[in-house]
Amino acid sequence: MKRRAFENSAGRFRSVEIDPEVCTGCNTCVDVCFMDILVANEEKRKPPIVAYPEECWFDGCCVELCPQREKGAIRINTPASMKVSVLRGERPQDGEEHTGKGERP
Amino acid sequence: MKSGMEVVTIETDVLVIGGGLAGCMAAIGAREHGARVTIAEKGNTMSSGQAGSGIDHIWAYIPDIHDRVGWSIDDLVDDHVQVVAGGFARRDLFRLMAEMSYARLLDLERFGLRMRYDDSPLTGGLRLVQQFGSIPETVNLDGRRLKVILTNAVKRSGATIVNRVTMTDLLTADSAIAGAVGIGTRDGKIYLFKAKGVVLATGGKTGRLGREPSGIDFNLHLPANLCCDGKAMAYQAGLPVMNMEFLSSSIFAVANYGFSAGLPRNTWHPAAAVVDAQGRVLVANTHLYPWDELKTGNKIDPAVSRRAWLAERNTLSGSMPKAGSWGERGPFYLDCTGASEEEIRYTEWSIGNEGRGAQFLRHLDEEGIDLRRDKLELSPHGHRREIGNMSCSGLLVDGNLEATIRGLFVAGDEIGGVPFASSMGAFTTGWHCGDVTGSEARTAEPFLPIDNDVFERRCRSCTEMLSRSKGAPWQEVNSALQNVMDDYCGEVRTEAMLVKGLDHLKAIKGIPLRAANPHELGRCLEVMFLLDAGEMVIRASLARKESRRQPLPFRRADFPEQDDKNWLAFSAVRLENGKPTVFGIPINAPL
């Protein structure tokens, strides 16, 4: 049975993003994604289709195993509601009391 | 009706269901006996399973180090059973794991995993951290690509890997295993496996029975394709499934990212402390390596060390803010700013090698977050409920890991009664199952007859889902199930609500599912597993007429007391002639 390929659609949020300028269309990401959210492009050497963006588990195996990862062919976009909330601060100076330092009881 | 589905028949001596850590080790173990071995994996073994994005630590009993300080294998087992599981565990199975653990560690090294470091003064350059045992018993490793390394080892062993097949049914013949059925979620074919032995290594857990509070459905601590597949298959085949009532809140939550770390004792050991907005310390960070005893080789007193460790763990869990009940005390932060540069580097190394950690670090980098300077907020979300580590749910097996039907062996987290057995539990039990099934396959009789009813029913059901023009997409049914589990089977349960929940579940089970293609068919099958899992959770919850404290939280408003007389026992739910029944299994571990 042939798999249907869709245009990349935003869905409710973005997950995997592919840079068509860098991607060589090798389809390694299609092969390794265990959630099976990517579909190979019918046109050879074209970037895969993100067919099921909402089923991403954000583990990044597609990024990790991408032969073009250093060039940024594929990245995971962290949806806004998943972003890390952070309290920005300064690095404590040497000798200064800082929080959280403790000894093992 | 044979349906429009093309049938692929595969004959193999040993069928391994699930290609995670346990499944890969089972395949390699069975190949040692020359058996024909096939792994059926629903994703791709290169990245699938709970260790799919890596592990940086794994417990093991290291004779050269542990024996020298007077800490025996039994001490390791006692630590785990008593401190981690509160006695609610199968001691015999933990001993089996512990005995084999060092050999499996050496296997991993043989496969190409790096685990010896120049900065360790310990025997053999191993770097030990403390996790479950009262002394450091957990080995660091460069495990980011563990699944790639294991996949290569499986291929070298000569086992066959069939990826993208979701297994759906165990086939039995006269109380023995005959094979299994699966669905190709890319090719849309139905797979019939005939096998002399089957290893069930499907991971056992799920995070998809409850609503995900971030609104991103698959922002889960556990891999999102884990749906209690093996338990549902076993349940439908009439096998007992243990301890399903312990659907409970996950302890993991850093910010809104369901990243698998959260306590300073886990992947954030040793650099992180937990502080409140005023910088007051709730949990202090710890030394980088508590190696003094191990280095000197001075004898320790395991009983004293266990009591201290138990007290420390209780203090730790008592001082951690409980998600959802922060009241006026929040917000809270994970604070690494007091850590040394060496500790920060170690922590980043550790996170980078552990489940989803590399991606988490990329996210921090993109956001310009530096652990040296910035504190990460702990998630205030109320619940992120799962059948997880603490559930100790799974199949009932004997001391040889054989299930209640002949020839079916169970590995890894699919085994009941072994909470937090974790990756070493998977490696050891996987290997053992492979070893036994591989060796028995040589003398086994020819293939047993296949239960055509089960096979035909699956064909028909899948054909219907693929051909229906009307019907619910899997998301609709999954979401309805989550509502029932959260609203009728929440943290505090009552008989009346559980009974009503079962009613709702029955109605949801009757909704016809629709799949536009094999990919969606796979997701529909997952939802069907989840529906069975939900039913097992409710039935087991109804049976346990007591409340239980940590580490196995279970609360019945109508039975608020702990009842050790009747319920210091595992539960097991099974279908008897199609009728669900629940029974208790006394715990064999001394408390």
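Here is a walk through a predicted model with chains A and B, starting with the smaller picture of chain A and ending with some backbone oddities.

Let's begin with chain A. Its secondary structure amounts to two helices and five strands, and reading from the N terminus the elements go β-α-β-β-α-β-β. Chain A has 105 residues, and 37% of them count as buried. If you take the contacts in chain A with a separation of 6 or more, 56% of them are between residues 24 or more positions apart.

Now for how the two chains meet. On the chain B side, 54 residues are in contact with 40 residues of chain A. Several elements of chain B, namely E12, strand E14 (332-335), helix H10 (357-366), strand E15 (375-377) and H15, each put at least two residues into the side that touches chain A. H10(B) has the largest share of that side, with five residues. By residue type, the side of chain B that touches chain A splits into 18 nonpolar, 23 polar and 13 charged residues.

The chains also share a sheet. This is an open sheet of five strands, paired antiparallel, and its order is E5(A)-E15(B)-E14(B)-E12(B)-E13(B). At the edges sit strand E5 (86-87) of chain A and strand E13 (281-283) of chain B, each of which pairs on one side only. The link across the chains is the antiparallel pairing of E5(A) with E15(B), over two bridges. Within that pairing, A:Val86 has B:Leu376 in E15(B) as its bridge partner. Over at the other edge, strand E12 (residues 273-276) of chain B pairs with E13(B), again antiparallel and over two bridges. There, B:Val274 has B:Val283 in E13(B) as its bridge partner.

Next, have a look at the nonpolar packing. The largest nonpolar core has 180 residues, and the members that touch the most others are B:Ala26, B:Val199 and B:Ala411. Helix H15 (residues 518-543) of chain B is the top contributor to this core, giving 14 residues. The core lies between domain 1 (1-54 + 146-249 + 384-462 + 570-591) and domain 3 (463-569) of chain B, because both of them give residues to it. Take B:Ala26 as a way in: leaving aside residues up to four places away in sequence, B:Ala26 touches B:Val16, B:Val199, B:Ala201, B:Ala411, B:Gly430, B:Trp431, B:Cys433 and B:Gly434. There is also a second, separate core of 18 residues, and its members include B:Ala271, B:Ala273, B:Ala339 and B:Leu376. That last residue, B:Leu376, is the one that we met as the bridge partner of A:Val86.

Chain B also has a run of hairpins worth following. Strand E8 (residues 177-184) of chain B has eight of its eight residues buried, so E8(B) is largely enclosed by the rest of the structure. Strand E7 (residues 165-172) of chain B pairs with E8(B) in the antiparallel sense, over seven bridges, and B:Val181 in E8(B) is the bridge partner of B:Asp169. Four residues lie between E7(B) and E8(B) in this hairpin, and in the turn B:Asp174 has a positive phi of about 50°. E8(B) then runs antiparallel to strand E9 (residues 190-200) of chain B, joined by five bridges. In that pairing, B:Gly179 is opposite B:Lys194 in E9(B). E8(B) and E9(B) form a hairpin too, with five residues between them, and B:Gly188 in the turn has a positive phi of about 70°.

Finally, the backbone oddities. Most residues other than glycine have a negative phi, and most peptide bonds are trans. Against that background, A:Asp36 has a positive phi of about 60° without being a glycine. A:Asp36 lies in the loop between helix H1 (28-32) and strand E2 (38-39) of chain A. Is A:Asp36 buried or exposed? With 23 other C-beta atoms within 10 Å, A:Asp36 is buried. B:Phe420, also not a glycine, has a positive phi near 55°, and B:Phe420 belongs to the loop between strand E18 (408-410) and helix H11 (422-441) of chain B. B:Phe420 has 19 other C-beta atoms within 10 Å, so it is partly exposed. As for peptide bonds, the one joining B:Gly330 and B:Pro331 is cis, with omega about -5°. B:Pro331 is in the loop between helix H8 (302-319) and E14 of chain B.

Technical notes
Residues are numbered from 1 along each chain as its sequence is written. Chains are lettered from A and ligands numbered from 1 in the order in which they are written. This is a predicted model: local features need pLDDT of at least 70, side-chain atom pairs count only at pLDDT 80 or more; totals for chains, interfaces and linings use all residues. A nonpolar core is a set of buried Ala, Val, Leu, Ile, Met, Phe, Trp, Tyr and Cys residues joined through C-beta atoms within 7 Å. A residue is buried if 20 or more other C-beta atoms lie within 10 Å of its own, exposed if 12 or fewer, and partly exposed in between; C-beta atoms are placed from the backbone. Domain bounds come from an automatic or database domain assignment. Two residues are in contact if their C-beta atoms, placed from the backbone, lie within 7 Å. Two strands pair if DSSP finds at least two bridges between them. Ala, Val, Leu, Ile, Met, Phe, Trp, Tyr, Cys and Pro count as nonpolar, Asp, Glu, Lys and Arg as charged, and the others, Gly among them, as polar.
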